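Welcome! Open your viewer, keep the selection tool at hand, and follow along one stop after another.

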Amino acid sequence: MNAMPAYIGFTDIAGLKWAGGNLGERKKRHMPYCSSLIMLVNPAINNFIAVLDGSYITNARTGAQTAVALKYLYADGSNERKSIRLGLYGAGMQGHMQTLAISKRFEIMELRVYDIDKKALAKFKEDMSGVVSGRIILCDSPQEAAQGDAIICVTQANTQFLKDEWVSPGTIVFPMGSYQEADDALLLNAGEIVVDHIDQTLHRGALSRLVERGLLNEKGITCTIGDVVAGKVTLIRNPDKKRFVSKLVLVQWILPAQTRFTRQR
Ligand SMILES: NC(=O)c1ccc[n+]([C@@H]2O[C@H](COP(=O)([O-])OP(=O)(O)OC[C@H]3O[C@@H](n4cnc5c(N)ncnc54)[C@H](O)[C@@H]3O)[C@@H](O)[C@H]2O)c1
């Protein structure tokens, strides 16, 4: 379990989210991988003002992160409903949430999906056939899913299964799982590395093992997605290079939690 305190000045809200992912006994009991609880605090009087389930907020927020990043990195910030082809690893909760969020902004014309669990694949196709405009292709091997304008990894795998040589130049890669899902070469050869929070990226998630081994440091990070959204950095797409987006910011839960609490009052 991770404890994640947060404070957002412009809305003057504070709080703590507990969240974690576990297989083991949870999987045996058919419980979802992630569980979470949120406590909100009014910083003016130091009072706890709400306790909320954090799972839905965490899951929906994580799907929305990719959709927002694609708006800026694939559609150059435009609100036009562009068509997109996706490669997806992991047909579980995040596989669903990523697909749902991206479908709100893009017309998904092809989605290739690979999962080690065939039942999860079949359920994904059944659940997402009304969400994906084009074909959903269930892949028999991991390499078959490594095609599309963007590739998203949302597995609990602790192995570097996505190989550099499978991914075409111009592709945007989102390894969103908690461990390193892409091989070192894919990460190190990326034309750009865009993250949502530099310090956190250096010690958690897809890039942290490269940092630990001295293969990457802050200088290797191109910019944050916030810099792109705020217009502080303009990225010129190089069709010969892959883009890599690492996303795992732990404080973004607090604004949707505050909104949900305010609406329910
Ligand atoms: N970045 C974030 O803020 C954030 C938020 C939520 C979840 N996550 C991460 O996303 C990942 C998925 O979470 P979830 O809730 O969707 O879990 P889940 O159990 O619902 O789904 C994960 C799926 O990945 C599949 N899988 C495992 N190993 C695989 C492999 N090598 N290749 C292909 N498929 C494989 C499993 O069979 C399962 O269907 C976890 O690592 C979780 O920690 C990250």
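Start by selecting strand β9, residues 172-175. Both of its faces are covered: I172 and F174 on one side are buried, and so are V173 and P175 on the other. Here a residue is buried if 20 or more other C-beta atoms lie within 10 Å of its own, exposed if 12 or fewer, and partly exposed in between, with C-beta atoms placed from the backbone. Strands are DSSP runs of E with at least two residues, helices are runs of H or I with at least four, and both are numbered from the N terminus.

A word on what you are viewing: this is a predicted model, in which local features need pLDDT of at least 70 and side-chain atom pairs count only at pLDDT 80 or more, while totals for chains, interfaces and linings use all residues. Residues are numbered from 1 along each chain as its sequence is written.

Now add strand β8, residues 150-153, which runs parallel to β9 and is joined to it by four bridges. Two strands pair if DSSP finds at least two bridges between them. Look across from I151 and you will find V173 of β9 standing opposite.

**Into the core**

Next, select L86, V113, A150, I152 and C153. In the largest nonpolar core, which has 45 residues, these five touch the most other members. A nonpolar core is a set of buried Ala, Val, Leu, Ile, Met, Phe, Trp, Tyr and Cys residues joined through C-beta atoms within 7 Å. In soluble globular proteins, nonpolar side chains tend to be buried together.

Which residues is I152 in contact with, leaving aside its neighbours within four places in sequence? Select T66, L86, L88, Q98, F174 and M176 to see them. Contact means that the C-beta atoms of two residues, placed from the backbone, lie within 7 Å. There is also a second, separate core of eight residues, with I13, A14, I57 and A257 among them.

**Around the ligand**

Turn to the ligand and show the 27 residues that surround it. The closest are Y33, G90, G92, Q94 and G177. A residue is counted as near a molecule if its C-beta atom, placed from the backbone, lies within 6 Å of it. Two elements, α2 (55-73) and α3 (93-105), give two or more residues to this shell, and α2 gives the most, with three.

Try colouring the shell by class: 13 residues are nonpolar, 11 are polar and three are charged. In this scheme Ala, Val, Leu, Ile, Met, Phe, Trp, Tyr, Cys and Pro are nonpolar, Asp, Glu, Lys and Arg are charged, and the others, Gly among them, are polar.

**Two domains**

Colour domain 1 (2-55 + 252-264) and domain 2 (61-246) separately. These bounds come from an automatic or database domain assignment. The C-alpha centres of the two domains lie 25 Å apart. Where they meet, eight residues of domain 1 are in contact with five residues of domain 2. The side of domain 1 that touches domain 2 has six nonpolar, two polar and no charged residues. Each domain also supplies at least three residues to the shell around the ligand.

**Two loop stops**

Go to A182, in the loop between β9 and α5 (184-188). Is A182 buried or exposed? A182 is buried, because 27 C-beta neighbours lie inside 10 Å. F161 is 21 residues from A182 in sequence, yet their C-alpha atoms are 6.0 Å apart.

Then pick N46, in the loop between β3 (34-42) and β4 (47-53). N46 counts as exposed because it has 8 C-beta neighbours inside 10 Å. Most residues other than glycine have a negative phi. N46 is not a glycine, but its phi is positive, about 55°.

**The last strands**

Finish with strands β1 (residues 2-8) and β2 (residues 13-21), which run antiparallel and are joined by seven bridges. M4 stands opposite K17 in β2. Four residues lie between the strands of this hairpin, where D12 takes a positive phi near 50°. Then add β3: β2 and β3 pair in the antiparallel sense over eight bridges, and G15 has L40 of β3 as its bridge partner.
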